[in-house]
Amino acid sequence: MTRCRAVLVPALLALCLTAWPAQAQLARTFVSSLGNDANDCQRQTPCRTFQGAHDQTLANGEITVLDPGGYGAVTITKAISIINDGVGEAGMLISGGLTGITINAGANDAVSLRGLTLKGLGAPFGSGVGISFRNGKSVTLENCTLRNLTVAVSFDPLFATGPTSLAVTNTVVADSLNTGISIVGRGLAMTAVLDRVEVHNSNTLGLQVASTSASGSVRVTVSESVIANSGTTGISVGSETAGVMVSRSMVANNGTGIGVTSGTVRLGASTVTGNGAGWSAFPNGSLLSYGDNNIDGNTAGEAPPPSIATK
Amino acid sequence: MIKATRFVCLSALLCLCLAVPAQAQLARTFVSSLGNDANDCQRLTPCRTFQGAHDKTLANGEITVLDPGGYGAVNITKAISIINDGVGEAGVLVSGGLSGMTINAGASDSISLRGLTIKGIGFGGGDGIVFNTGSSITIENCAIRTLTGPGIRFLPQGSGRLAVSNTVVTDNASSGITVAPVGSGITVSAVLSRVELHNNTGHGFIANGGGSTGTIRTTIADSVASGHGVAGFALSAFPGEAPTSLMVVRSVTANNAWGFNLNGGNATLRAGQSAVTGNTFSWAADNGAVLRSYGDNNIDGNADGDPAPTTIAKK
C-alpha cells in the first residue's frame, strides 16, 4: 500500500506537468520495452507499443521512446511525432507482407519519425513494407535505418485530397528486396526532399519516381546522397509531371545509374560511376546536366548528357 | 511480491508474443553488460555477449544493445544486424591475434553493424572487422581503432558489397580499410561515405585486385584520409588481375606519404572536387596505373611540387 502511494504521487505529478490535464489522451506519451499497453503511457507507467501509445496520444502530440526494444507496427491516423533520440534501438521487425508504419492521417496532419530501425525478417516469415504513406500532409523521416524490406519507404498518397510532402534526412536504406524509396504521384502536387540518404543494395530500384496520373507536379530533390548497387536502376524516373534535381550525390554500381522514361532529371556536381549503363533517357524522358558531373567508369551509356547552364 | 512476479511474467509473455512464436531462436535478441549467456536473450533476460546473442538469433534477426559495455568478439554466420543506437559504448576489445567481428555468412546473407566501437589492445593484436563470405555488409556509426591489423578487412571469397558511412578508422598498425577479394569472375564493390581515416600505419584505404579476376568498383565521397604511413588512397591491380577502380569525390587526402598511390595497368582512380595537400608525394601512378582528375581538385602544399594529373572532362 505504501509502495502504491509512492507510484501514485509521481504519476499525479506527471499528470500535472503535462499540457492537457484530466484528459484520456496525453500530449506526450512514453513507450518502454518494459511497458504495458494497459498503462496510460505516462512517464512512470509507459506503454509497450507504438500503437498503444499512438492511440493514447493527442493529435499533434509526441511519443517518446524510453529504452531499447522492439515497438511493433503502427498505423498513424493523426499528426504525431515518434521520437527516439539515441536511447538505443527503437526497432520494428516486419514480416508476413505487412507494413511497419502506415500513415493514413488527415489532410493537414504532419508526421515526424526519428531514430527508428525497421527491418524485414524475410524467409520463412516473409518481409514487408517499411513505411507506407497513404494520406496526410507530410512526413519527415530522420536518422532512421530501414533494411531487408520489400519496399523500405512507399510514399504513395493514394487517399490524399491535397498536396503532400516527404522529407528524408540522415537515413540508411539497405538490402531492399524490391525498391528502396518509391515515390508515386497520384494526380496532386507532391514534393520529396532527400538529403544525406544512403540507398544500398536494392534488388531492383534504389529510388523510384512514378505517377499514375498526367496531372499533379512531382518535385524531387536528392542531395549529398548515395544510391549504390541497385540491381536494375539507381534512380528510376517514369512520370511525365516529374522534375528531379540530383545534386552532390553518388550514383554507383547500379544496373543503370539514372534511367528516365518520362519526366526530367537535372544533374549537378554529382558522380555516376561503375554502373552497367551510366544513364538513359528514353523514350520520353530527359536528363540534363549542369556540365559539372563525373560520369565515367560505367560499362556503357556515359556520353555527355544534354547540358544546361549554371547561373 | 506476487504482484511483482506476475508483472514480470506478463511482460515476458508480451515480449514473447511480439517475437516469432515457439522457437528456440528469436527474431530480436538483447545484450546487456549485466546479462548472462545462459539466458534466452529476451528483454528481461538479456545475454552477455554478441556471440551468445548471435547464436540465439534467427537468420535475418536483430541483436539490440541495451546498455554500455564490452560485448566480445563474434563470428557471424548468418544474416543479422547488431544495433547500438546511442545507449553508450557497445565495445569490442581485440587481442590475441583474433578479429573483433568475423563474417562467415551464406552467399545471400546481408549483415548490418551499427554503433560499435572496436579497439585493439595489443597482446597479440588482431583485425577489426573481417568479411570472408556473405552478400553484403553495411557499417554505420562505428569507431575502429588501434588494431595491429586492418580496421576493416573486406576479402570476400565471391561477389560482395561493402558500404561504410559515418565511421572513424584510426591508429591501426596496418591499413584502415583493405578491399582484397579472392576468387574468379567476381564483382566486388565498396561504397564509402563520410568515413574518416586517420593515422593508420599503412594506407587509409586500399583496393587490391591481386587475388581475384572480375571487377572491383570502389567509391569514396565526403571522406578524409590523413596522416598515413603510405597512401591516403591506394590501388593495386596488374594485368590479369581484377580491374580495380576508385572514384574519389569531395574528399581530402592530407599529410600522408602519398596522397594517391596507384600501381599496375588495371588500376584506375578518378578524383573530383577533392583536396590533396600536405603529403610528401601528392600522387604516384606506376606500372601503367591511371590517375585522372576532373580538373577541379586542390592539389597544393605537397612536398613534390604538386604535379597536375591528366584531366578528363566533366559532363
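This report walks through a predicted model with two chains, A and B.

## Chain A as a whole

Let's start with chain A, where you can find two helices and 25 strands. Computed along its principal axes, its C-alpha trace would be described as spanning about 80 × 40 × 35 Å. Its radius of gyration is 21 Å, which agrees with the figure near 19 Å for a compact globule of 311 residues.

How much of chain A is buried? Of its 311 residues, 59% are. Now think about which parts of the chain meet: among contacts with a separation of 6 or more, 60% link residues 24 or more positions apart. As for the outside, chain A exposes about 11100 Å², with 56% of that coming from carbon and sulfur atoms. On the charge side, there are 17 positive and 18 negative side chains, and the centres of these two sets sit 6 Å apart.

## Chain B as a whole

Chain B has two helices too, along with 28 strands. Its radius of gyration is 22 Å and the globule rule gives 20 Å for 315 residues, so chain B is as compact as a globular protein of that length. The C-alpha trace spans about 80 × 40 × 35 Å along its principal axes.

In chain B, 57% of the 315 residues count as buried. Take the contacts with a separation of 6 or more, and 66% of them are between residues 24 or more positions apart. The chain exposes about 10900 Å², and carbon and sulfur atoms supply 56% of this area. It carries 19 positive and 19 negative charges, whose mean positions are 8 Å apart.

## A strand on the inside: β8 of chain B

Now zoom in on strand β8 of chain B, residues 110-114. Why call it largely enclosed by the rest of the structure? Because five of its five residues are buried.

Here's a handy bit of background: side chains in a regular strand alternate between the two faces of the sheet. In β8(B), one side has S110(B), S112(B) and R114(B), while the other has I111(B) and L113(B). All of these are buried, which leaves both faces covered.

What does β8(B) pair with? One partner is strand β5 of chain B (residues 80-83), which runs parallel to it and is joined to it by four bridges. In that pairing, I82(B) is found opposite L113(B). Another partner is strand β11 of chain B (residues 136-140), also in the parallel sense, over five bridges. There, S112(B) stands opposite T138(B).

## Another enclosed strand: β2 of chain B

Strand β2 of chain B covers residues 57-65, and eight of these nine residues are buried, so this strand is largely enclosed as well. Strand β1 of chain B (residues 26-31) runs parallel to β2(B), with five bridges joining them. If you want one pair to look for, try F30(B), whose bridge partner in β2(B) is T64(B).

## A glycine in a loop

Not every buried residue sits in a strand. G204(B) is in the loop between β16 (183-198) and β17 (205-208) of chain B. Is it buried or exposed? With a relative accessible area of 0%, G204(B) is buried.

Leaving out neighbours within four places in sequence, G204(B) is in contact with G176(B), I177(B), L197(B), H228(B), A231(B) and G232(B). Look at the last of these: G232(B) is 28 residues away along the chain, yet the two C-alpha atoms are separated by 4.6 Å.

## Residues that touch both chains

Which residues does T271(A) contact? Setting aside neighbours within four places in sequence, they are S249(A), M250(A), V251(A) and N294(A), plus M247(B) and V249(B) from the other chain. T271(A) itself lies in strand β23 (residues 271-273) of chain A. It counts as buried, because its relative accessibility is 1% and the cut-off is under 20%.

V191(B), in strand β16 of chain B, is also buried, at 1% relative accessibility. Not counting residues up to four places away in sequence, V191(B) touches H200(A), V226(A), A228(A), N229(A) and N253(A) on chain A. On its own chain, it touches L162(B), A163(B), V164(B) and T219(B). A254(B) is 63 residues away along the chain from V191(B), and their C-alpha atoms are 20 Å apart.

Methods. Residues are numbered from 1 along each chain as its sequence is written. This is a predicted model: local features need pLDDT of at least 70, side-chain atom pairs count only at pLDDT 80 or more; totals for chains, interfaces and linings use all residues. Side-chain values use heavy atoms; hydrogens and water are left out. The radius of gyration is taken over C-alpha atoms; the globule rule is 2.2 Å times the number of residues to the power 0.38. Buried means under 20% relative accessible area, exposed over 50%, partly exposed in between (1.4 Å probe, protein chains only). Contact means heavy atoms within 4.5 Å. Accessible areas come from the Shrake-Rupley method with a 1.4 Å probe; for residues, only the protein chains shown count as cover. Lys and Arg count as positive and Asp and Glu as negative; His and the chain ends are not counted. The place of a charge is taken as NZ of Lys, CZ of Arg, CG of Asp or CD of Glu. Two strands pair if DSSP finds at least two bridges between them.
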